[in-house]
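Here's a quick briefing to read alongside the model. Keep the viewer open and find each residue as you go.

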Amino acid sequence: MLGERGTYNLNLSVSHSDQHTDTQADTVYTDLASGAVALQQRRVGRHHDLKSSAHLTSRLQWQLGGGDQFSLVGGLEGEGVQRAENSITQVNGTPTLVDFDGDLTASTQRLAAYLQDEWDPSAAWSAYAGLRWESIRTRSASIGKPVSNTGNVLTPLAHAVWRFSAPARDQLRFSLTRSYKPPTLANLTALPRLSTLYLAPGANTAASPDRAGNPELRPELARGLDIALEHYLPAGGVLSLSVFSRHINDLIRNVTALETVPWASAQRWVARPQNIGDANTQGVELDAKLRLDEIVADALSAFAPVTLRGNLGYYRSQVSGVPGPNNRIDQQPKLSVNVGGEYRMRNAPLTLGGNLSSMPGYTVQQTALQSQTLDTTRVLDAFALWAVTPTTKLRFSLSSAVPRNYITSNTVLASGQSQTGVSNGPTYRVLGLRLEAKL
């Protein structure tokens, strides 16, 4: 407390997670005539991931003359991640990646500080502006090439809200941002993984490359403009229309190239993440969350507690330096649709719900010589939530209720030829049961 005109708050949160994963992948080639094993590749891996984080936030709010509210908000964030990996790759029982297999230890440390000024000049307007500084350091030690990277970025931001007829809740939001997306630890330090179709030490094809990390990756930087119109319904529902536009520097994308590698006598095609240049992306999204009785008055009264949700998004993007017409950003479809809802029973502490999401198939021109085509996706999820007590809940979930196979094809133009690799990725029905308790 700072007297009648000011308040001061300090918050600290700490978290820790520990995860162990063991994997084994075998690829066996047999002679069709005799049935004898002709070639066998085995990769055994063990991963240990530790993650610790701490967030310290401070807030100073000061009352100025004339009823205006003036606030200074600042904070510090720190996070540390450690990864230990041990892997062995063998062909016919003989180690293949002698200079790379073994123990890999890697870690990242992130430190961030921010300060922003919040201002509420009237009931109809509120705004804030500020700066955020972030530093990320990545280090690794392994039999292969050591990695040490440090990235620093200073990102300004500004945000404003205009309420049409205060104290009504309908409002228009404006945001100017500059965001920072560092490469993942796996992208920086991933050990080589050999093609299972064309084994070393011989050559492989562009459609079946080896895969490896890139310690020289730089972070992606983006600056953007977001505008959102929000309309609030009397019973608590909300309808919103939002548009955005962003410019991205140093976009990260997997690129397949022919390389001279230490794990083979012949040149090998290797896919590794690279900074490929700049990109622009724009989109429009429609969101809705409302109760059924807000749109169907006095109808289906028994189902009045039904809550409906929906999202429709349309996106477009262009990556500079990559020829069109499909020079899009990875993992960004042209269209996405989500429809869901939940029903809270009147006579029992039980809530039932589900969600259906769909994205049409699309093609991405990744480089001048690479393209990828993804299949149409449809996913149906459902859940049941039983409130055992006001603080204890039992959740049953059903993910991918209707499993499907999804086809992905990757095409590379190499040596005057078009090489295409097709993969069939099945999905599986997953059942979950979780007990949630608040202390």
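**A buried aspartate, some rings and a sheet**

Let's start with D210, which you'll find in strand β9, residues 210-211. Keep in mind that this is a predicted model. From D210 we'll move on to the aromatic rings, then to a sheet of four strands, and finish with a glycine in strand β3.

**D210 and its surroundings**

- Is D210 buried or exposed? Its relative accessible area is 0%, and the cut-off for buried is under 20%, so D210 counts as buried.
- The D210 side chain gets to within 2.7 Å of a backbone atom, the nitrogen of S195.
- Leaving aside residues up to four places away in sequence, D210 touches R193, L194, S195, N204, W263, R268, W269, V270 and A271.

**Aromatic rings**

- How many aromatic pairs does the structure hold? There are three.
- Take W125 and W162: their ring centres sit 6.2 Å apart and their planes are at 15°, so this pair is stacked.
- W125 belongs to strand β6 (residues 125-142) and W162 to strand β7 (residues 147-163), so the pair ties together parts that are 37 residues apart in sequence.
- Both tryptophans are partly exposed: W125 has a relative accessible area of 40%, and W162 comes in at 32%.
- Now for F244 and Y315, where the centres are 6.3 Å apart and the planes are at 40°, so the pair is tilted. Stacked would need planes under 30 degrees apart, and edge-to-face would need over 60.
- F244 sits in strand β11 (residues 238-259) and Y315 in strand β13 (residues 306-319), so here the linked parts are 71 residues apart in sequence.
- F244 is buried, at 16% relative accessibility, and Y315 is buried too, at 11%.
- Going back to the tryptophans, ring pairs join W125 and W162 with F164 in a cluster.
- Another ring to look at is that of F383: R395 lies over its face, 5.5 Å from the ring centre.

**The four-strand sheet**

- In which order do the four strands of the open sheet come? They run β16-β17-β20-β21, with antiparallel pairing.
- β16 (362-365) and β21 (417-426) are the edge strands, each with a single partner, so one side of each has no neighbour in the sheet.
- From one strand to the next, the twist averages 15°.
- β16 and β17 make a hairpin, with four residues between them. Four bridges join these two antiparallel strands, and Y362 has L374 as its bridge partner in β17.
- Next, β17 pairs with β20 over five bridges, again antiparallel. Look for Q370, which stands opposite V412 in β20.
- Ten bridges then connect β20 (residues 405-414) to β21, also antiparallel. One partnership to find is T408 with S423 in β21.
- Strand β17 (residues 370-374) is mostly covered, as four of its five residues are buried.
- While you're looking at strands, remember that in a regular one the side chains alternate between the two faces of the sheet.

**A glycine in strand β3**

- G78 is part of strand β3, residues 69-91.
- Its relative accessibility is 21%, so G78 counts as partly exposed, given that buried means under 20%.
- How far apart in space are G78 and L56? From C-alpha to C-alpha they are 8.3 Å apart, with their positions 22 residues apart in sequence numbering.

Technical notes: Residues are numbered from 1 along each chain as its sequence is written. This is a predicted model: local features need pLDDT of at least 70, side-chain atom pairs count only at pLDDT 80 or more; totals for chains, interfaces and linings use all residues. Side-chain values use heavy atoms; hydrogens and water are left out. Rings of Phe, Tyr and Trp (its six-membered ring) pair if their centres lie within 6.5 Å; planes under 30 degrees apart count as stacked, over 60 as edge-to-face and the rest as tilted. Buried means under 20% relative accessible area, exposed over 50%, partly exposed in between (1.4 Å probe, protein chains only). A charge sits over a ring if NZ of Lys or CZ of Arg is within 6 Å of the ring centre and within 35 degrees of the ring normal. Two strands pair if DSSP finds at least two bridges between them. Axes are lines fitted to C-alpha atoms, for helices over the stretch in contact, and angles run from 0 to 180 degrees between N-to-C directions. A polar contact is a pair of N or O atoms within 3.5 Å; within protein, one must be able to donate a hydrogen and the other to accept it, and residues adjacent in sequence count only if both atoms are side-chain atoms. Contact means heavy atoms within 4.5 Å.
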